[in-house]
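Visitor: Could you take me through one part of this model up close? I would like to see how two of its helices sit against each other, and then what lies around them.

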Amino acid sequence: MSLTLNLLLNGIALGSLIFLIAVGLSLIFGLMGVLNFAHGAIFIWGSYAGLAAFNASGSFLIGIIAGTVAGIVIGWVMERLFIRPFYGNHVAQILLTLGLMIVLTEGLKYFWGPNLLGFDKPAALTGVVDVLSDPFPIYRIFMIGIGLLVLVGVHLLLSRTRYGIIIRAGVQDPEMVQALGINVRRVFSLVFALGAGLAAFGGVIAGPSFGSITPDLGMANQLNAFIVIVIGGIGNFPGAALGSLLIGIVQTFMAFYLPDVAVAVSVAMMALVLIWKPEGILSVRR
Amino acid sequence: MTLLQVENIQTYIDQFHILQGVNLAVEAGRVTVILGRNGAGKTTTLRSIMGLTPPRAGRVVFDGRDIQGMQAHTIARLGIGYVPEDQGIFKDLTVEENMKLAIRKADTATQERQEFALELFPDLKIAWKRKGGNLSGGQKQMLSIARAFVNDNKLLLIDEPSKGLAPIVVEKVMAAILELKKRTTIVLVEQNFIMASGVGDDVYILDDGHTVYQGTMADIRGDEELKKKYLGIAI
């Protein structure tokens with residue numbers, strides 16, 4: 001396998017991971033106008049909760065379920081208690097979610113300590129397989145598969161179900177959805193919990209690929225998700241998928257060839273999109 | 001029978017006191033037209049009834065229930081369909097999805113109403129799989145009316161359906177409203193008096209956030225003084 005193909009596959013694996021964080025963030029921002037700065041903290045809470053359950057049960061699947069449920073519960077409680085009173089007040093939301101990010105991150109340090117915690121791969125996903133006669137980690141292939149599964153799952157949810165139609169309509173005009181007799185607030189809660197659950201799910205999947213986790217990893221991964229939702233367009237699901245893939249691949253190549261400027265290039269891409277296509281790369285002007 | 005009673009509502013948008021005493025009594029089975037100049041408070045009156053811009057004082061009674069303070073989705077479910085001034089079409093949803101979203105109960109009566117609406121507006125059948133953002137202004141208006149009618153709504157609130165449309169399309173929309181009138185009660189906000197006079201039974205004129213006239217369409221047709229004073233028209 002050529003170096004380029006190897007980097008490309010690694011980039012797709014990283015893109016899958018970024019997508020899991022970005023898709024929820026994008027839907028939450030698009031539908032509810034809430035810029036959730038605590039999204040990365042939920043991601044890393046999923047990682048820790050998943051690791052604890054994985055260690056206790058020995059089953060990675062139970063770890064995934066536990067981490068995802070932790071994210072859903074945190075998201076649901078957060079929306080009901082803290083976000084709901086501040087819909088429409090963006091300054092309050094930013095301050096509030098920044099505060100929640102700090103509280104959630106410090107909470108992890110309180111329960112698990114500030115140091116690195118090892119997160120081993122499950123035995124079944126350890127090792128390498130041959131891809132075009134060269135070894136490639138099984139876990140990265142698993143990550144790509146998970147990314148594809150979530151992509152298809154969210155696509156089917158948004159395109160084939162009534163809830164999906166409500167979410168897509170709500171992203172465009174929540175007031176009109178309300179005027180059609182649909183309780184948009186209930187949909188808001190559901191999407192917030194779903195987005196948080198997806199981030200936490202991503203946290204569990206990411207853990208073994210990081211090898212070890214710390215509470216501060218949430219913020220670092222959140223930055224990529226914010227870049228993606230700007231590049232893809234707010235609330236634009238295909239945009240989030242394409243943006244994640246793009247950032248994952250670009251960052252992997254840059255990390256290999258020009259590691260010192262890898263993050264700067266992503267931020268520069270975001271800035272270019274903001275200048276030339278502020279509604280996202282897939283937006284169509286009408 | 002009075003289906004909708006609006007009593008002295010006071011509505012604010014931010015610090016601005018927009019409605020300062022609007023009164024309406026909408027009789028079932030009739031078309032009540034709200035007339036008035038730009039900025040008179042017509043759109044805010046419909047939004048206040050719908051609960052989208054809730055009044056701070058006054059009373060709104062629909063079908064015997066005080067709906068003042070209820071959320072918009074609850075008010076809609078009581079049987080009020082709303083066609084906003086900007087049509088409120090979801091641009092990334094197809095015509096079919098826009099209709100699906102509106103349907104609250106998928107029964108045969110709803111199916112029959114949908115078929116009736118599509119007979120009224122055959123353009124929608126042709127554009128069934130087209131996205132809302134790709135529709136013409138007239139098609140958007142037709143879809144908005146069809147969407148409000150498809151449920152078993154006792155009352156339709158229609159805000160300026162002629163706005164921005166070509167005269168030939170306005171005629172089509174008005175013909176459809178005349179058909180809908182046989183099946184439901186309508187409150188129609190309109191600036192185009194000639195158009196409104198063709199479909200309306202009762203008339204309210206708003207001026208500067210107040211109800212300043214109440215009567216029948218027949219009365220106002222012959223009252224040149226009134227039309228000149230509040231509507232700025234002389235025919």
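Guide: Happy to! This is a predicted model, and a good place to start is chain B, where α3(B) and α6(B) are roughly parallel to each other, because angles under 35 degrees count as such and theirs is about 25°. Helix α3 covers residues 95-102 of chain B and helix α6 covers residues 137-149, with the two axes 9 Å apart. The crossing of α3(B) and α6(B) is right-handed. On the α3(B) side, the contact is made by Val95(B), Asn98(B), Met99(B) and Ala102(B), while α6(B) brings Leu143(B), Ala146(B) and Arg147(B). By character, the residues of this contact comprise 5 nonpolar, 1 polar and 1 charged.

Now for the sheet in chain B. Its 6 strands form an open sheet with mixed pairing, in the order β6-β7-β8-β3-β9-β10. At the edges stand β6 (80-83) and β10 (210-216), each with a single partner strand, so one side of each has no neighbour in the sheet. From one strand to the next, the twist averages 15°.

At the β6(B) edge, the partner is strand β7 (residues 155-159), paired in the parallel sense over 4 bridges. If you zoom in there, you will find Tyr82(B) with Leu157(B) of β7(B) as its bridge partner. Another helix, α10 (residues 224-231) of chain B, packs on the sheet and touches β3 (31-35), β9 (202-207) and β10. The direction of α10 makes about 150° with that of β10(B).

Definitions and conventions:
Residues numbered from 1 in each chain as written. Chains lettered and ligands numbered in written order. Predicted model: local features only at pLDDT ≥ 70, side-chain atom pairs only at ≥ 80, totals over all residues. Axes fitted to C-alpha atoms, helices over the stretch in contact; angles between N-to-C directions. Helix = DSSP H or I, 4+ residues; strand = E, 2+ residues; numbered from the N terminus. Parallel < 35°, antiparallel > 145°, perpendicular 65-115°, else oblique. Left-handed = near helix turned anticlockwise from the far one by under 90°. Contact = placed C-beta atoms within 7 Å. Nonpolar A, V, L, I, M, F, W, Y, C, P; charged D, E, K, R; others polar. Pairing = 2+ DSSP bridges.
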